[in-house]
Amino acid sequence: MRDPRVAHLGELIVSYSLALEPGKVVRIDAPPVAAPLAVEIYRAALAAGAHPFVDVALERLPELLLADGTEAQLEFVSPIARAEVEAVDAIVTIWSESNTRALSRADPDRQRRYIEATQQLAKRRWARMTSGELDWCGTLFPTEGHAQDAEMSLGEYERFVFRACHVEEPGDPVAHWRAASDELGARAQALEEVRELRIVGPGTDLKLGVEGRRWSAADGRLNMPDGEVYTSPVETLTEGEISFTFPALFHGREVTDIRLRFEGGAVVAAEAARGGDYLEALLAMDAGSRRLGEVAFGLNYEIDRFTRNTLFDEKIGGTMHVALGSSFHELGGLNESSLHWDLVCDLRGEGEVYADGELVWRAGRFLEQPEPAVEHV
Amino acid sequence: MSERLRRLADVIVGYSAGVKEGDLVVIEGTANVEPLLNEIYASVLQARGLPSPRTTLELDELLLSEGSEEQVEWVSPAEREDVERADVWIVVDAPSNTKALTAISPERQAATQRARKALRERYLERALNGELRWVLTAYPTTAAAQDADMSLSEYEDFVYAAALLDDGDPVGRWRAFSEELQRAAEFLNDKEELRIVADGTDLTLSFGGRTWIAADGHENFPDGEVFTAPHETGVDGTIRFSYPAVFRGRQVDDVRLRFEEGEVVAATAARAQDFLEEMIAVDEGARRVGELAFGLNDAVGVFTRNILFDEKIGGTVHIALGSAYPECGGQNRSALHWDMICDLRSGSEVYADGELVYRDGRFLRF
């Protein structure tokens with residue numbers, strides 16, 4: 001039986017996130033467990049006159065490759081996959097997993113090389129997105145595995161996910177996201193006036209230079225759900241300390257109570273209560289993995305709790321996050337890395353943010369609404 | 001089950017496809033056959049090949065019922081890339097429901113066949129040039145068991161027996177069977193013409209100068225037949241197919257065809273005659289015979305409504321309407337390739353150049 005919420009989510013992604021036009025070629029990447037959403041996106045894409053096809057990623061294959069693959073196999077990037085990235089007009093990635101920890105015990109060094117290989121495709125995809133040749137949207141279909149990580153039943157977790165996407169309640173999800181887009185756009189524009197941000201909270205006093213960088217409104221086009229504003233900070237200007245109260249996850253591995261100290265933009269000290277070795281390995285991945293590629297405000301207040309999934313956690317209304325590793329070139333970022341690891345800092349309690357010395361955010365809320373975005377004629 | 005599945009994958013990858021270090025191996029299948037796709041992937045890794053999974057969902061019915069004509073005829077860039085770049089192509093064909101397309105109009109199905117003709121020809125061309133090795137295999141699903149009138153565990157036993165996996169050295173068994181099939185092919189390669197006589201059947205097919213090939217588990221798995229492409233204008237007489245003819249889930253019963261100079265001039269069926277007529281009208285080549293073959297795998301004893309197995313039933317002959325295999329010297333081109341099977345295990349005779357060579361499902365000598 002079709003779940004109307006899943007059908008609405010499929011339509012939202014096709015008509016709003018990707019705004020698919022007739023004749024466009026769209027690839028839908030999904031594991032088998034996400035088949036219901038993949039089918040609804042496929043159906044909506046057909047209705048839009050596009051040419052959809054589904055690329056199913058079997059979930060056990062990375063585990064088999066990491067366990068048994070030779071060096072050549074581990075680092076192999078299929079020429080077919082390379083050609084596909086060039087040929088498609090749009091990609092939807094459904095990140096669902098039936099077991100989010102299937103790779104927790106994989107050898108970190110082999111995993112790093114595998115990720116570096118897959119990053120070659122991701123980089124090319126980002127380049128085509130930046131130049132406007134490719135539309136992309138990442139989303140999630142609720143599974144038992146994700147519900148378990150979120151410490152919810154599957155039914156509760158489905159309501160959480162669909163509420164965050166605004167397809168749970170009756171009404172027009174596209175209208176909701178258009179309104180959210182206007183508000184986030186105005187916020188991003190206001191932040192472009194700022195030269196320096198200072199984040200203050202428990203265990204945190206961090207300054208970031210953002211002068212000359214562009215802020216982007218994440219308004220449901222690249223991710224669904226969405227709701228953040230983000231930029232790439234100046235690579236050499238991050239100074240101070242930050243503590244992350246939420247556990248940080250990367251490829252199924254959890255690192256808890258991370259504290260980082262920055263000097264001249266680079267991490268000079270890092271500690272964690274659990275997973276410190278993995279943290280060190282990720283920081284040592286390459287020259288860019290010790291610097292920040294992103295700083296962002298989470299502004300989706302339907303997402304009100306930590307669920308161990310970055311797609312949602314980085315948008316929790318009232319949080320900020322920074323990412324170690326690659327930055328966004330289209331926003332002026334220069335940092336290159338195979339890593340992009342989002343770390344979320346909860347500021348809903350005692351958090352304060354100052355913009356060029358002025359208090360602009362307290363306890364998870366901006367103090368003032370931004371001026372509406374100026375219409376460009 | 002999982003142990004046999006692993007052995008099945010090992011034979012497909014090691015014997016059928018002969019995957020070598022560095023081969024780019026496309027593994028095609030739908031998500032419902034995930035257990036076998038996983039095992040094939042693992043076997044390809046062990047053989048030091050480079051696996052390139054092409055897994056999708058069972059979306060044909062949705063596309064054919066809701067898609068526009070343009071969408072139905074569209075071929076994805078992914079398929080084109082696979083066809084151009086693969087060194088090895090392993091296809092697992094095992095739908096969850098073999099009748100899911102029953103309500104789709106025959107002309108829509110014919111349109112998808114036509115749209116894929118160029119791709120199919122390119123695939124066969126690369127295979128002929130030795131640039132691409134392909135294997136088509138199956139997986140025991142409940143749908144296939146149901147079509148075979150068996151329980152799933154009975155059907156699993158049938159599949160693994162047909163694949164000669166039931167003793168310790170399946171590759172050795174396949175090598176021995178291959179030699180037997182080669183002898184049958186050599187015997188037929190000296191002949192010019194066959195006449196098949198059975199209940200409702202008296203059909204003469206000429207093939208002098210064409211090549212008989214032993215299908216010994218390399219392109220189909222399981223396997224066990226010898227086949228050729230008869231002369232496009234050299235088929236005359238009538239044939240009655242004792243088994244239902246099944247194409248894309250549609251079943252046509254008691255098909256009778258009359259040929260004159262290679263062309264179907266009369267086609268009747270007890271059921272679904274309209275589908276039969278629609279398919280043989282797909283294009284020019286669909287009215288001619290692209291393949292003539294003998295099924296020789298005695299471990300496939302019963303009809304199971306799955307052509308991969310049925311055409312290998314020991315003691316049967318089959319012909320295919322539509323495209324011919326160029327490696328046999330066949331020239332017929334078509335978007336169609338529809339195998340139809342005739343049981344010869346009782347009351348039948350086959351004459352080669354006038355001499356009786358086969359009776360009641362057995363070659364008399366070769």
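**View 1. Strand E13 of chain B and its two partner strands, in a predicted model.** Arg240(B) stands opposite Arg256(B) in E13(B), and this pair belongs to the antiparallel pairing of E10(B) with E13(B), which extends over four bridges. E13(B) is also joined to strand E14 (residues 263-268) of chain B, by five bridges and again in the antiparallel sense, and here Arg256(B) is found opposite Thr268(B). E13(B) and E14(B) together make a hairpin with two residues between them, and in the turn Glu261(B) has a positive phi of about 50°.

**View 2. The two faces of strand E13 of chain B.** In a regular strand the side chains alternate between the two faces of the sheet. Along strand E13 (residues 256-260) of chain B, Leu257(B) and Phe259(B) point to one face and are buried, whereas Arg256(B), Arg258(B) and Glu260(B) point to the other face and are not buried. Leaving aside residues up to four places away in sequence, Phe259(B) touches Leu203(B), Val235(B), Asp236(B), Gly237(B), Ile239(B), Val264(B), Val265(B), Arg287(B), Val289(B), Ile319(B) and Leu321(B).

**View 3. The nonpolar cores.** The largest nonpolar core has 152 residues, and those with the most contacts inside it are Ile94(A), Val226(B), Leu257(B), Phe259(B), Phe294(B) and Trp338(B). Helix H2 (residues 35-47) of chain A gives this core its largest share, eight residues, and at least three residues are drawn from each of domain 1 (2-139) and domain 2 (170-363) of chain B. A second core, separate from this one, has 43 residues, including Leu208(A), Leu282(A), Met320(A) and Val353(A).

**View 4. Where the two domains of chain B meet.** The domain assignment of chain B gives domain 1 (2-139) and domain 2 (170-363), and the C-alpha centres of domain 1 and domain 2 of chain B lie 24 Å apart. In this chain, 27 residues of domain 1 are in contact with 30 residues of domain 2. The area buried between domain 1 and domain 2 of chain B is about 2800 Å², and carbon and sulfur atoms give 57% of it. Of the area that domain 1 of chain B buries against domain 2 of chain B, 25% is supplied by Tyr15(B), Gln113(B) and Trp134(B), more than by any other three residues.

**View 5. An open sheet of five strands in chain B.** The strands of this open sheet follow the order E7-E9-E15-E16-E17 (chain B), and their pairing is antiparallel. Strand E7 (213-215) and strand E17 (337-343) of chain B stand at the edges with a single partner strand each, so one side of each is left without a neighbour in the sheet. Neighbouring strands of this sheet are turned against each other by 25° on average, direction ignored. At one edge, E7(B) pairs with strand E9 (residues 225-228) of chain B over three bridges in the antiparallel sense, and Ile213(B) stands opposite Phe227(B) in E9(B).

**View 6. Two glutamates of chain B, Glu232(B) and Glu186(B), in their surroundings.** Glu232(B) lies in the loop between E9 and strand E10 (235-240) of chain B, and counts as buried because its relative accessibility is 13%, below the cut-off of 20%. Not counting residues up to four places away in sequence, Glu232(B) touches Arg210(B), Glu261(B), Gly262(B), Arg288(B), Gly330(B), Gln331(B) and Asn332(B). Arg288(B) is 56 residues away from Glu232(B) along the chain, yet the C-alpha atoms of the two are separated by 6.5 Å. Glu186(B), by contrast, is found in helix H10 (residues 170-189) of chain B and is exposed, with a relative accessible area of 53%. The C-alpha atoms of Glu186(B) and Arg248(B), 62 residues apart along the chain, are separated by 33 Å.

**View 7. An open sheet of eight strands in chain A and a helix across it.** This sheet has the order E14-E13-E10-E6-E5-E18-E19-E20 (chain A), with antiparallel pairing, and its edge strands, strand E14 (266-271) and strand E20 (365-366) of chain A, each pair on one side only. Within the sheet, strand E6 (residues 204-209) and strand E10 (residues 239-244) of chain A run antiparallel and are joined by three bridges, with Lys207(A) opposite Glu239(A) in E10(A). Helix H10 (residues 276-283) of chain A lies across strand E13 (258-263) and E14 of chain A, and runs at about 165° to E14(A).

Key
Residues numbered from 1 in each chain as written. Chains lettered and ligands numbered in written order. Predicted model: local features only at pLDDT ≥ 70, side-chain atom pairs only at ≥ 80, totals over all residues. Heavy atoms only, no water. Core = buried A, V, L, I, M, F, W, Y, C linked by side-chain atoms within 4.5 Å. Buried < 20%, exposed > 50% of the residue type's maximum accessible area, 1.4 Å probe, protein only. Domains from an automatic or database assignment. Contact = heavy atoms within 4.5 Å. Pairing = 2+ DSSP bridges. Axes fitted to C-alpha atoms, helices over the stretch in contact; angles between N-to-C directions. Buried area = accessible area lost by both parts, 1.4 Å probe.
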